Amino acid sequence: MTTAEHAERIGLWQGFYYVRRGVLWGLIGFGLGVGLAALFRTAAGSSPWWLEHNFAVGYVLGLLGWLLGVGMWERWVKEWLGLPTQPNPHGWMRYFAFTTDHKVIGVQYLVTFVAVFLIAGLLAMLMRYHLMDSQGALFNGGVYNQVMSLHGILMIAVAVAVIIGGFGNFLVPLMIGARDMAFPRLNALTYWLIPPVAVLLLTAQAVGGWDTGWTAYPPLAVRNAAGQLFFNLAIITFGLSSILGGLNFLVTISFLRAPGMTWGRLPIFVWSIFSASIIALIFTQAFAAAMLMEAVDRLAGTNFFNPGDPLLYQHVFWFYSHPAVYIFILPGFGILLEVLTHFSRKPLFAYRWAVAGFLTIVAISGIVWAHHMFVTTSEVAFLGAFLVTTEAISIPTGLVFLSALGTIWMGRLWLTPPMLFALGALFNFLIGGITGIYLADVPSDIQLSDTYFVVAHFHYTIIGGEIFALLAAIYYWFPKITGRMYHQGLGKLHFWLTFLGFNLTFLPMFWAGLHGMNRRIAIYDPALEGVNVFASIAAFVMGAGFLIFVGNMVWSWVRGKVAEANPWRARTLEWQVPSPPPEENFPAPPVVVGEPYEYGVPGAGPHVVLAPSGGDCGKEV
Amino acid sequence: MLVVAALWLVLTVLGEVLAFAFDFQPVPLSDKGEHIKDAVRILTYFAIPVLTFVIAALIYSILRFRAPGPEADGTPVRSHIVPWVWLAVTSGLAFTIMVFPGLLGTIEVTSSAHQHGSGGQASARAGGALLVQVEGLQWTWLVHYPDQGVKNARELVLPVGQQVMLEVTSRDVLHSFWVPAFMLKIDAIPGVVNHVTFTPTEVSSYEENSLLRLQCAELCGQAHAWMVIPVRVVEPKEFERWVAGQRK
């Protein structure tokens, strides 16, 4: 293998060439921006230095420098200047450069966001330790708010990007029989916008951080430390990445499907990415706009929200941020149904109903945002309207459960780690969904909003639903991505520790919320200390499960035994190519000739024909 | 199929009996709180059969249909009628809870405060409601009783059985008025006055019941968790004495 030879020859210093150059060019750009801002401020007759002005301009130029340095220069910009572009680097070096291969980008996303997930999880462990004492065991109020805010935004970023960015990128072209994404360079850009986001969020802590949670409500967000500006710039950058990613998926899925891959034969996971991408493309812009308005309030003295109209911010913010939860969970539903059908050895039940469910969720998601604002007013028309739309969204969500339960019914359930996680996700999301009704109901929400009931509810949907689905996906596609197999027993142990730890952590939080524990507080009513200690211990068990996960994955990736090409005997396209797939995916364009999930159907042909022998098929392509 | 139905029935009966017999919420100390507690309870009665249906189907499938490997395939199931029935049942359920406890409950808990302008408030005032103004600021609450001439009190004292009309606002950033025992929450927003009308139903105090506290429920900065003042519900005569003491 040439790849292996390269891997041996590339030294560490050389391997990180592009990252090193990106950092250097980024610093140059940053210095230039800081200087320009100082010059402008001097010309305007004020002192040359004000952290927020200098930093904002420095960041914009620094971001450009970083992107060019990390490889956009060779593989994109040179072409505009009429110069020859250079091909993707090889070996492990390609994971640390601006590279257009969708599989490399998928792995970059996946590894980055699993790492971010673990960091944010560690912060959660610290918070759970702190809350074992009702007067707070670890932090003062300001630091607690900062840690909680950082935990929140890191986890939100993971939830937005880990499945779409990771598995979406790796799998969608493979599953639809395409050579790559529609816009490979745009795809690379969406990933390389992410490291500056992480740098901003972490350096923000050095200038006072921000303590407004991930929601950044003004007026507080306009008045507090400079860290808030870093937060706003980070979110705008991250939003840009999401928007471009969504666009890329919509175009790819619409136009690059292999011959015969009709919409009705699309794997359900691809449908879920398609649905989530519509939301990412349309609604993220509102979020970015809200952040921009807040940043301009700070930088340029506008008055959108300070005092302006703080409620306007909430409307704009939730106009994205509620649909965003469907960016989280729709790909989770896709994985869940995908895994259930392969490991039940049965066709996906009510496939078209599930797709209709996804698209109806997308449609309704845009008109439910104000259920986050039920306690901002007593205006009954407002409350009633959003109660109705929010509860209506339970109907299409129910169709996903119909499809899931119908699929496992009469199946042959092979309880591998991915199947266990998929079943666990179904159970957790059931609780997350049902408790959502309590929060959609205005009277009960008056008591429950902003309490631990909400904390428990959204962790059930995001961790219990989406992250469990993510873990199912990792255990399912690990042999596809790495070509190696992990230890199944450790995978099952991870499942049980996580499943029990998770439920025992968050079930008691419903109780705490019902009994007067509000969220985002560093100290609480001593009467609730017992419940909190219990939840904390369970959280540590869950955390321990992840240590096993990381150990198992890292060890297996390096030393694991080589996996069969199709260890799960799955019918879908991505399993019909070698593992890991070759850079060009398919030697010749594949031809899709049947349904993806026809397990046990008498007389069913294959889903796909690879390297078609007849010249006709080739011509068609 | 019969086994799942039986399992569902047993779990549902068990769940409903538990939900009925076991009081999983604190005692509400206001009239509106009663409605809110009822809403949570009614939603639970609706939730249990849904929860137990999925759990019964899951448990049965996992036990009954498990297999050691991918060698054999399952039996394909196709149905045109089941999805339609499912859609009809889930929609029926959703529309039911939208109306009750949803919309009907919403009208109840916002009553006499739901009309913007003067209509609702005027009627509450005409009915002899006690006007109390609550102001949030980083990081405490100030309570004013304009008709009694009491300003800047640092505890919320209310006469039992007397209708109260709250006017809630903020001096700086967002806060949220929350008394867990009253089960009432309304945001305190700078430049906006929010109204809530309710009646405290029992004499008690923060010392006796830690849920009788006015706590900020909207993240408002460093000392957010400490933004708590005590609440006391007293006999009308005691309230008069307290007012007289405050005026001095």
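Let me start at the end of a helix in chain A: Gly483(A), which comes right after helix H18(A), has a positive phi, near 75 degrees. Helices here are DSSP runs of H or I with at least four residues, strands are runs of E with at least two, and both are numbered from the N terminus.

Before going on, please keep in mind that this is a predicted model, in which local features need pLDDT of at least 70 and side-chain atom pairs count only at pLDDT 80 or more, while totals for chains, interfaces and linings use all residues. Residues are numbered from 1 along each chain as its sequence is written, and chains are lettered from A and ligands numbered from 1 in the order in which they are written.

Back to H18(A), which spans residues 452–482 and has a kink of about 45 degrees at Tyr476(A), shortly before the proline Pro479(A). The bend at a residue is the angle between axes fitted to the seven residues ending there and the seven starting there. This helix is mostly covered, since 29 of its 31 residues are buried, where buried stands for 20 or more other C-beta atoms within 10 Å of a residue's own, exposed for 12 or fewer, and partly exposed for the range in between, with C-beta atoms placed from the backbone.

How do the two chains meet? On the side of chain B, 76 residues are in contact with 78 residues of chain A, contact being defined as C-beta atoms, placed from the backbone, within 7 Å. Several elements of chain B each supply at least two residues to that side, among them helix H2 (31–64), helix H3 (81–110) and strand S7 (175–179), and H3(B) gives the most, with 16 residues. By class, the side of chain B that touches chain A divides into 47 nonpolar, 23 polar and six charged residues; here Ala, Val, Leu, Ile, Met, Phe, Trp, Tyr, Cys and Pro count as nonpolar, Asp, Glu, Lys and Arg as charged, and the others, Gly among them, as polar. The chains also share a strand pairing, in which S1(A), residues 413–414, and S1(B) run in the parallel sense over two bridges, with Leu413(A) opposite Arg66(B). Strands count as paired if DSSP finds at least two bridges between them.

Within chain B, I would look next at strand S3(B), residues 140–145, where Trp141(B), Val143(B) and Tyr145(B) point to one face and are buried, while Thr140(B), Leu142(B) and His144(B) point to the other and are not. On one hand, five bridges join S3(B) to the antiparallel strand S2(B), residues 130–137, and these two form a hairpin with two residues between them. On the other hand, two bridges join S3(B) to S4(B), residues 150–153, again antiparallel, and in that hairpin, with four residues between the strands, Gly149(B) takes a positive phi near 75 degrees. Val143(B) appears in both pairings, as the bridge partner of Val134(B) and opposite Ala153(B) in S4(B).

Finally, consider Asp172(B), in the loop between strands S6 (164–170) and S7 of chain B. Is this residue buried or partly exposed? Asp172(B) is partly exposed, because 17 other C-beta atoms lie within 10 Å. Leaving aside neighbours within four places in sequence, Asp172(B) is in contact with Pro219(A) from the other chain, and with Leu137(B), Gln138(B) and Pro190(B).

Methods. Contact = placed C-beta atoms within 7 Å.
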